[in-house]
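Visitor: I should like to understand how the descriptive terms applied to a model are justified. May we go through them one at a time?

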Amino acid sequence: MVRLYRTTDGFFGEERNRFWRVEAASWEDLLGDADLHNRVSAESQRAELLESLDGMTLLSPVSTQEVWAAGVTYFRSRSARIEESKDAGGGTFYDRVYAADRPELFFKASGRRVVGPLGEVRIRRDARWSVPEPELTLAIHSSGKILGYTIGNDMSSRDIEGENPLYLPQAKVYDGSCAIGPCLLLESGNLPKETAIGIKIERNGAHAYVGQTTLKELKRPVAELVSYLFRENSFPEGVFLMTGTGIVPHDDFTLVAGDRIVITIDNIGTLENQVASS
Ligand code: DO4
Ligand code: MG
């Protein structure tokens, strides 16, 4: 399995814990290559192999690309949203979108808003109930081909979203609301259904929340999400698509400043971020 990292020192391929430099004019040059997997693999034959990326700072794999997100793609997400919006009459919308042909898709972040590995994510100052949403995230070529997979955190304000579904953009899109990393797993086919997605939230040295799901629970094929995203939208520099969350903490859980959010997806790695103090 070949992974691609974007760092402050350039771009690096990795397979079985051996790293090599990948020459490219820019990240857009790489994401503009529909044959990215072969290009990165081929470089490993020419370049010096390194044992680690120690001393380098990992950057998010998102540069100028837009980030979009799918919602209510897991039964757990459907049920949690019906519950949080029952006083606002939002319950039927979530049930209907879960069953409908057309998925929920929304704009999540421009590239400049994306937080990278070990960066600080934020909770809104006007929210009382905030959660991370750990999501398998697709890196997609301008042609619609999936170039690879990464990890996303769709930070969300549940009280704002639950008050009225029309507040979704405010609950979802704000400074520090989107973290993506640590690398791209360069695979164009489907990941195995057994692929595990896990989250740990650490507070004062203890686990404040631990959750897990697998891709078996993802209701829609990722290709279906991509095909709806590309209907009437073009992405000349590629695009990232979060595929929805299957893990929602119990209703009395909210994030607080200083929480460490650690999200792991099999064969991709770990995305770790801290909640900022304001
Ligand atoms: O409909 C609200 C957002 C859903 C979402 O972000 C998710 O299911 O992951
Ligand atoms: Mg989400």
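Visitor: Which residue in β16 is the bridge partner of E202?

Guide: The model before us is a predicted one. In it, E202 is bridged to R260 of β16.

Visitor: What makes β13 and β16 paired strands?

Guide: Two strands pair if DSSP finds at least two bridges between them. Strand β13 (residues 196–203) and strand β16 (residues 260–265) are joined by 6 bridges and run antiparallel, so the requirement of at least two is met.

Visitor: Which strand is joined to β16 by 6 bridges and ends at residue 275?

Guide: That is β17 (residues 269–275), which runs antiparallel to β16. Within this pairing, R260 has Q274 as its bridge partner in β17. The two strands form a hairpin with 3 residues between them, and N267 in the turn has a positive phi of about 70°.

Visitor: How do you know that E133, E135 and D154 are donors of the magnesium ion (ligand 2)?

Guide: For this metal the cut-off is 2.8 Å. The OE atoms of E133 and E135 and the OD atom of D154 lie 2.0 to 2.1 Å from the ion, and they therefore count as donors. Their spacing in sequence is E-x1-E-x18-D.

Visitor: Why are E133 and E135 called buried?

Guide: Buried means under 20% relative accessible area. E133 has 3% and E135 has 0%, so both are buried by that limit. Of the 278 residues of the protein, 55% count as buried.

Visitor: Why is no disulfide assigned to C178 and C183?

Guide: The two sulfur atoms of a disulfide must lie within 2.5 Å. The sulfur of C183 is 16 Å from that of C178, its closest cysteine sulfur, and this is too far for a bond. By this rule the count for the model is 0 disulfides. C178 is in no disulfide, the sulfur of C183 being the nearest cysteine sulfur. C178 is buried, at 1% relative accessibility, and C183 is likewise buried at 1%.

Visitor: What makes the radius of gyration agree with that of a compact globule?

Guide: For 278 residues, a compact globule would have a radius near 19 Å, and the protein has 18 Å, so the two agree. The C-alpha atoms fill a box of roughly 60 × 45 × 30 Å along the principal axes.

Visitor: How many helices and strands does the protein contain?

Guide: Its secondary structure comes to 7 helices and 17 strands. Among contacts with a separation of 6 or more, 73% are between residues 24 or more positions apart.

Technical notes
Residues are numbered from 1 along each chain as its sequence is written. Chains are lettered from A and ligands numbered from 1 in the order in which they are written. This is a predicted model: local features need pLDDT of at least 70, side-chain atom pairs count only at pLDDT 80 or more; totals for chains, interfaces and linings use all residues. Side-chain values use heavy atoms; hydrogens and water are left out. Donors are N, O and S atoms within 2.8 Å of the metal (3.2 Å for Na, K and Ca); water is not among the atoms, so sites may look incomplete. Buried means under 20% relative accessible area, exposed over 50%, partly exposed in between (1.4 Å probe, protein chains only). Helices (H or I, at least four residues) and strands (E, at least two) are DSSP runs, numbered from the N terminus. The radius of gyration is taken over C-alpha atoms; the globule rule is 2.2 Å times the number of residues to the power 0.38. Contact means heavy atoms within 4.5 Å.
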